[in-house]
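Student: I'd like to learn how to read a protein model, one feature at a time. Could you walk me through this one?

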Amino acid sequence: MFRVVSPTVRAFSAGKGSGVRLASGHGHAKSAVERAREHRVTLNDLPVPGGSWLEHHNKRNAKWNLLLAVSAGTFAVTMYAVWKAEVLYTHDMPNLKSVAINPK
């Protein structure tokens, strides 16, 4: 029990007041507004849209269309190379309609 009471008595006798912890330990805590301004997290710090949305849309679509064309070309070249090298073996099924049945 002495272990619990002793730190409390020491805190009050050392002149720390009520023993309430402060944010920084020295009484220099910043308010929420000061911290928000310091870290630039307010709505005023968000980027403001500017310029024509159509120009931005067209630039982005041009980049995506180029990527699509390059991807389709790469796929076509790869499939041609695979076909020419006969890499794929598809296990062709025999024609089951022409199988001779030998009755006993």
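Student: Let's begin at the start of α3: which backbone nitrogen does a side-chain oxygen of Ser 52 reach?

Tutor: Keep in mind that this is a predicted model. Here, a side-chain oxygen of Ser 52 comes to within 3.3 Å of the backbone nitrogen of Leu 54.

Student: And what else is there besides α3? How many helices and strands does the protein chain have?

Tutor: You'll find three helices and zero strands. Read from the N terminus, the order is simply α-α-α.

Student: How do I check the length of a helix like α3 against what it should span?

Tutor: You count 1.5 Å a residue, leaving one residue out of the count. For the 33 residues of α3 the expected span is 48 Å, and the end C-alpha atoms are 48 Å apart, so the two agree.

Student: What percentage of the residues count as buried?

Tutor: To be buried, a residue needs a relative accessible area under 20%. Of the 104 residues in the protein chain, 2% qualify. The accessible surface of the chain is about 10600 Å², and carbon and sulfur atoms account for 63% of that.

Student: Which residues form a nonpolar patch on the surface?

Tutor: Look for Phe 75, Met 79, Val 87 and Leu 88, which together offer about 430 Å² of accessible area. Met 79 sits in helix α3, residues 53–85, and its relative accessibility of 37% makes it partly exposed.

Student: Now for charges. How many salt bridges does a search of the whole structure find?

Tutor: The general idea is that side chains of opposite charge can pair when their charged atoms come close. The search turns up two salt bridges here. One joins Glu 38 and Lys 30, at 2.6 Å from N to O. Glu 38 is partly exposed at 46%, and Lys 30 is partly exposed too, at 45%. Asp 45 and Arg 40 make a salt bridge at 3.9 Å, N to O. In that pair, Asp 45 is partly exposed with 27%, while Arg 40 is exposed with 57%.

Student: What about aromatic rings: which residues form an aromatic pair?

Tutor: A pair of aromatic rings is described by the distance of the centres and the angle of the planes. This structure holds one such pair. Tyr 80 and Trp 83 are the partners, 6.0 Å centre to centre with 50 degrees between the planes, and the pair is tilted. They are three residues apart in helix α3, so about one helical turn separates them. Both Tyr 80 and Trp 83 are exposed.

Student: I've heard people talk about phi angles. What phi does Arg 40 have?

Tutor: Most residues other than glycine have a negative phi. Arg 40 isn't a glycine, yet its phi is positive, about 55 degrees. You'll find Arg 40 in the loop between α2 (32–39) and α3. You've already met this residue as the partner of Asp 45 in a salt bridge.

Student: And where is Glu 86 found?

Tutor: Glu 86 lies in the segment after α3. Like the general rule says, a negative phi is what most residues other than glycine have. Glu 86 takes a positive phi of about 50 degrees, although it is not a glycine, and that happens just after α3. With a relative accessible area of 70%, Glu 86 counts as exposed.

Methods: Residues are numbered from 1 along each chain as its sequence is written. This is a predicted model: local features need pLDDT of at least 70, side-chain atom pairs count only at pLDDT 80 or more; totals for chains, interfaces and linings use all residues. Side-chain values use heavy atoms; hydrogens and water are left out. Helices (H or I, at least four residues) and strands (E, at least two) are DSSP runs, numbered from the N terminus. Buried means under 20% relative accessible area, exposed over 50%, partly exposed in between (1.4 Å probe, protein chains only). Accessible areas come from the Shrake-Rupley method with a 1.4 Å probe; for residues, only the protein chains shown count as cover. Patches are made of residues with over 30% relative accessible area and no salt bridge: like charges are joined within 9 Å, nonpolar side chains (Val, Leu, Ile, Met, Phe, Trp, Tyr) within 5 Å. A salt bridge is a side-chain nitrogen of Lys or Arg within 4 Å of a carboxyl oxygen of Asp or Glu. Rings of Phe, Tyr and Trp (its six-membered ring) pair if their centres lie within 6.5 Å; planes under 30 degrees apart count as stacked, over 60 as edge-to-face and the rest as tilted. A polar contact is a pair of N or O atoms within 3.5 Å; within protein, one must be able to donate a hydrogen and the other to accept it, and residues adjacent in sequence count only if both atoms are side-chain atoms.
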